[in-house]
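Here is a short tour for the bench, covering strands, empty spaces and cysteines. Have the model open beside you and follow along.

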Amino acid sequence: MHLTKEEEEMLKGELGQGTQTAIELLVTIGDAYDAEKMIPISRAHAASSGQEGDLYFVELLANGGAKCRVPTSTNPVYDIEYFEGLFKAPRKEAEVARKVMEGYKRLGAILSWSCLPYLAENIPLNGETVAFSESSATPYVNSVIGARTNREAAQSALAAGIIGRTPEYGLQLTENRKATVLVKVEVDLNNEFEYSLLGQYVGREIGYAIPVLAGISKHPSTEDFINFCAMANTSGAIPMFYIPGFTPEAETVEEAFQGDVPPDRITVTHSELEQMRQELQTARGEIDFVLLGCPHYTLKQLGEVARLLKGKKIHSGVDFWVCTSATAELLAKRTGYIDIIEKAGGRVVADTCIDEPCWTVYKEKTGMTDSPKCAYYRRFKEVAVADLEDCTKAAIKGKNE
Amino acid sequence: MRTLMTKLKCHRIVGGYGEGEALVSYEPICFYLTDPKTGVIREKTHELSGKSVANKVLVFPSGKASSVVQIDGLFKLASRNLAPKAMIVKDVETVLIVSAVIAKVPLVDRLEKDPFEVIHTGDLVKVNAEKCLVTLIRK
């Protein structure tokens, strides 16, 4: 790979060990893909997780004196103090999480602790070159916004944020942004939960691919897009997709395929969505908890929870949780949503991911969520997946009927 | 008993040297779904379910699963000296490269012959990623 004079200096360690470690990782990736050079990025998002592998790399960079050169936001870990006061969270894991969070601070990252940084804390524009890791973030910024990112690992996105560059390969190049699979959607999608089901099905069927979803006639909402991205890039590896007419990079199916529309296609009808719904709706009967906000709930979704819980009482045997970002939490508090949710007996928590040790208390419990991704992590005995309305109904009744 | 030795060129992704018994998987591998205390693949539906990746030369098509868990899985194995000695893959992807760098496991691709045709589980395999050379020894 051709490196500029400054990049050569970084690689030799002249700008410090942390920067050297960061560029070494990116040169390894660039060489693997035969990239010709590095290109500047304007922002990055590191899918921090609070796990041991995360800690190792963050400390390696921070101890080596590295600092982010471009705005670099962070994924949720968990609100350690809040959960320590509430449950006896495992000490050792809390220590790892605490050190990870300190490490990102030392690196000068934006401490967003949000998995939807592209909505508020770190927003790319159409055409920007960025490095965004995190399941929903990669396809969202590529497809919905029209910025350019590869399907980054947390560490490669962080390294890119440190040196302000990424190797030019993969989805940074127009020819690789070509669609690869045609998906005919022959069913009306009525809410964001149905977009989760669609994402779950499409990801599972096509694995690693760039699909075009043809046949959608109503403009998907922000939340529809978020859910489709998160689920499709978890059940499969979907770094980008097209919905002609509603995503900016191609007006038509032909344009998305850069001319060569393949003959093979998959079709999604009412029956495929129903099949997903049935597969995910596992546990029936009494439930111990409801866990929402994977990906983080937006302000609009917090408003919807408040509307469904207004004047109601959550069953005494059910813990009701909503995870969101600090930004959305602040506005939800100001708007009055959180007050309503708390009066009904629910809790809203910021900065927290559902795949973290703070939830160990529910390990042997049965719960409900509206997120297939939450169920996929298998942190709980059993989790039924249904839409928000059914989740709140079950929380009030104490059982999933 | 005759010993058959074959030398094959490859493309270095993550440098280093590792040798061990080959373990061939036709399916992608997620290191988060192995037992961190033994290296045994826990994924019930996987073709290698119950087999250990520890200290093997692992031959597989590519990695799979979310970026966060893959790296943590391989890192945990490496911190107990249970990571594969080297990895030979057909398709690289960013997450697997990062995992191999963090866990310090040599990783190569573009073997001059199809690795699934020439390497069998149980062969002794030496991966010299620095010299872009894979040596197979079959007894």
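This is a predicted model, and a good place to start is strand 7 of chain A, residues 211-214, which is covered on both faces. A:P211 and A:L213 are buried on one side, and A:V212 and A:A214 are buried on the other. From there, the briefing moves on to the strand's partner, a pocket, a cavity and the cysteines.

**Strand 7 and its partner**

- Strand 6 of chain A (residues 181-185) runs parallel to strand 7 of chain A, and four bridges join the two.
- Look across from A:L213 in strand 7 of chain A and you will find A:V183 standing opposite.
- To get from strand 6 to strand 7, chain A passes through helix 8 (residues 192-206), making a right-handed β-α-β crossover.

**The second largest pocket**

- The second largest pocket has a volume of about 450 Å³.
- It is lined by 18 residues, and those closest to its centre come from both chains: A:E24, A:L25, A:T28, B:V14 and B:V101.
- Two or more lining residues each come from helix 2 (17-32) and helix 3 (52-63) of chain A, and from strand 2 (11-14) and helix 2 (94-103) of chain B.
- Helix 2 of chain A gives the largest share of this lining, with six residues.
- Sorted by class, the pocket lining has ten nonpolar, four polar and four charged residues.

**The second largest cavity**

- How many cavities of 30 Å³ or more does the structure hold? There are three.
- The second largest cavity holds about 80 Å³ of space.
- Its lining counts 13 residues, with A:N227, A:C294, A:P295, A:Y297 and A:Q301 nearest the centre.
- Helix 9 (222-235) and strand 10 (289-297) of chain A each give two or more residues to this cavity lining.
- Strand 10 of chain A supplies the largest share, five residues.
- The cavity lining divides into five nonpolar, six polar and two charged residues.

**Cysteines**

- Across all chains, the structure holds zero disulfides.
- Why does A:C374 form no such bond? Its closest cysteine sulfur, in A:C294, is 5.6 Å away, which is too far for a bond, given that a disulfide needs the two sulfur atoms within 2.5 Å.
- A:C374 is also buried, with a relative accessible area of 1%.
- B:C30 is too far from a partner as well, because the closest cysteine sulfur, in A:C353, lies 16 Å from its own.
- B:C30 is buried too, at a relative accessible area of 4%.

Conventions: Residues numbered from 1 in each chain as written. Chains lettered and ligands numbered in written order. Predicted model: local features only at pLDDT ≥ 70, side-chain atom pairs only at ≥ 80, totals over all residues. Heavy atoms only, no water. Buried < 20%, exposed > 50% of the residue type's maximum accessible area, 1.4 Å probe, protein only. Pairing = 2+ DSSP bridges. Right-handed = clockwise from strand over helix to strand, strands pointing away. 1 Å grid on protein atoms, 1.4 Å probe; cavity = no way out; pocket = protein on both sides within 12 Å on 5 of 7 lines; lining within 4 Å. Points joined across faces, edges and corners; volume = space filled by probe spheres on them. Nonpolar A, V, L, I, M, F, W, Y, C, P; charged D, E, K, R; others polar.
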